[in-house]
Amino acid sequence: MKQRRTAIPVLLILIFLLMTACGKSGEGTLDASNSGKPQVSPAASTPSASPAVNAETRTYKDGLGREVVIPAKPKRIVTTQYLPDMLALGVKPIGAPTHLLTNFDSVKSLIGGIEDLGAVNELNVEKTVSLNPDLIIAMEGNQELIDKLSKIAPTVVVKWSGSDPFQHLKDVAAVLGLSDKADQWIAAYNKKSEEVRAKLAAYVKPGETFGTVVIGGYEKGQLRVYGDSNVGFTLFKSLQFPMTDTVKKEWSKGGHDLGMKISLEKLPEYASADRLFVVKFDNDPDFLKQVENSSLWNNLPAVKNNKVYVVNDSLWFSLDVMSFDQQLDDAVKLLAK
């Protein structure tokens with residue numbers, strides 16, 4: 001009898017401990033009755049990370065101001081936009097849209113094994129589900145897609161608009177818990193830019209002006225000129241080459257996200273730089289011939305002095321940090337002669 005009375009309290013204690021352990025294991029996990037949907041609630045608009053929900057998850061405030069419970073150390077990530085940024089941080093996603101796998105020359109050697117999820121506006125949701133992601137990184141602009149993705153896995157929006165590529169890198173790094181790596185990458189890039197500027201000083205005369213011309217692209221019969229964005233970012237920001245006074249004045253007015261559209265007759269005014277970097281898109285070959293055969297083009301100083309550099313659009317027209325890094329290398333190849 002004495003043995004039996006002792007066993008009962010011990011058994012009760014064991015049951016209590018077991019129930020307590022089960023209760024703790026459910027904290028911070030998805031509600032099974034909610035079909036695995038991540039818990040998202042509206043909040044302020046500044047992306048930030050908050051204290052951990054538990055050892056395996058944390059709450060992140062994304063670019064839309066939503067608080068999203070995400071893995072502290074995600075392993076299976078799908079992205080709809082920020083592939084170069086992830087690769088710069090040493091992280092390879094398991095899936096991405098077609099345009100990210102085909103349009104970026106800077107990462108083509110690093111994308112092996114990433115599943116193609118189709119056009120971003122018609123993303124293959126079924127294939128995305130089959131990849132079993134534990135985190136999805138998206139951009140703003142397609143709320144319907146964001147809602148669909150949020151039903152598959154925790155989905156964080158990193159805002160594209162209003163941020164430069166270095167901020168994109170920092171924001172993606174914050175989601176992944178790799179902010180230190182982003183800072184290190186940017187510091188290394190700035191050092192490399194300084195070294196390239198010093199090297200090219202022996203080949204580019206002080207005061208030589210640079211310009212950009214983009215032929216074709218968004219629509220037919222289109223000519224565009226850029227300041228320090230897209231094809232002009234490396235030239236004017238990283239390498240600090242001067243623009244012509246006309247381009248500098250017009251670009252400073254702002255509102256040129258798609259470049260400054262000009263007519264053929266405006267070439268002498270906007271493309272009179274000593275050196276020209278040119279992007280030729282192949283969507284309008286007839287217009288391209290019209291430009292190159294015109295006296296307006298052939299009388300430009302850079303054309304007459306053989307200082308026109310036709311560059312790879314998949315490298316020089318891309319607006320991401322990996323492309324910027326390789327543009328520095330390409331600039332040395334083109335100009336150090």
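**Exercise 1.** In which hand of crossing does helix 7 pass helix 15? Work on the predicted model, and describe the packing of the pair.

*Solution.*
1. Helix 7 passes helix 15 in a left-handed crossing.
2. Take the axes of helix 7 (residues 179-200) and helix 15 (residues 321-335): they come within 11 Å and cross at roughly 15°.
3. Angles under 35 degrees count as roughly parallel, so helix 7 is roughly parallel to helix 15.
4. List the contact residues. Helix 7 contributes Trp185, Tyr189, Lys192, Ser193, Val196, Lys199 and Leu200. From helix 15 come Val321, Phe324, Asp325, Leu328, Asp329, Ala331, Val332 and Leu335.
5. Sort the contact by class: 10 nonpolar, one polar and four charged residues.

**Exercise 2.** Set out the strand order of the open sheet and identify its edge strands.

*Solution.*
1. The open sheet has five strands, ordered 12-11-10-13-14, with mixed pairing.
2. Strand 12 (260-262) and strand 14 (308-310) are the edges, as each pairs on one side only.
3. From one strand to the next, the twist averages 30°.
4. Look at one pair: strand 13 (residues 275-280) runs in the parallel sense with strand 14, over three bridges. Phe277 stands opposite Tyr309 in strand 14.

**Exercise 3.** Which strands do helix 11 and helix 15 touch as they pack on the sheet?

*Solution.*
1. Helix 11 (residues 285-293) touches strand 10 (210-215), strand 11 (223-225) and strand 13. Its direction makes about 145° with that of strand 10.
2. Helix 15 touches strand 10, strand 13 and strand 14. Its direction makes about 120° with that of strand 13.
3. Combine with Exercise 1: helix 15 packs on the sheet and also contacts helix 7.

Note on methods
Residues are numbered from 1 along each chain as its sequence is written. This is a predicted model: local features need pLDDT of at least 70, side-chain atom pairs count only at pLDDT 80 or more; totals for chains, interfaces and linings use all residues. Side-chain values use heavy atoms; hydrogens and water are left out. Axes are lines fitted to C-alpha atoms, for helices over the stretch in contact, and angles run from 0 to 180 degrees between N-to-C directions. Helices (H or I, at least four residues) and strands (E, at least two) are DSSP runs, numbered from the N terminus. Angles under 35 degrees count as roughly parallel, over 145 as roughly antiparallel, 65 to 115 as roughly perpendicular and the rest as oblique. A crossing is left-handed if the near helix is turned anticlockwise from the far one by less than a right angle, and right-handed if clockwise. Contact means heavy atoms within 4.5 Å. Ala, Val, Leu, Ile, Met, Phe, Trp, Tyr, Cys and Pro count as nonpolar, Asp, Glu, Lys and Arg as charged, and the others, Gly among them, as polar. Two strands pair if DSSP finds at least two bridges between them.
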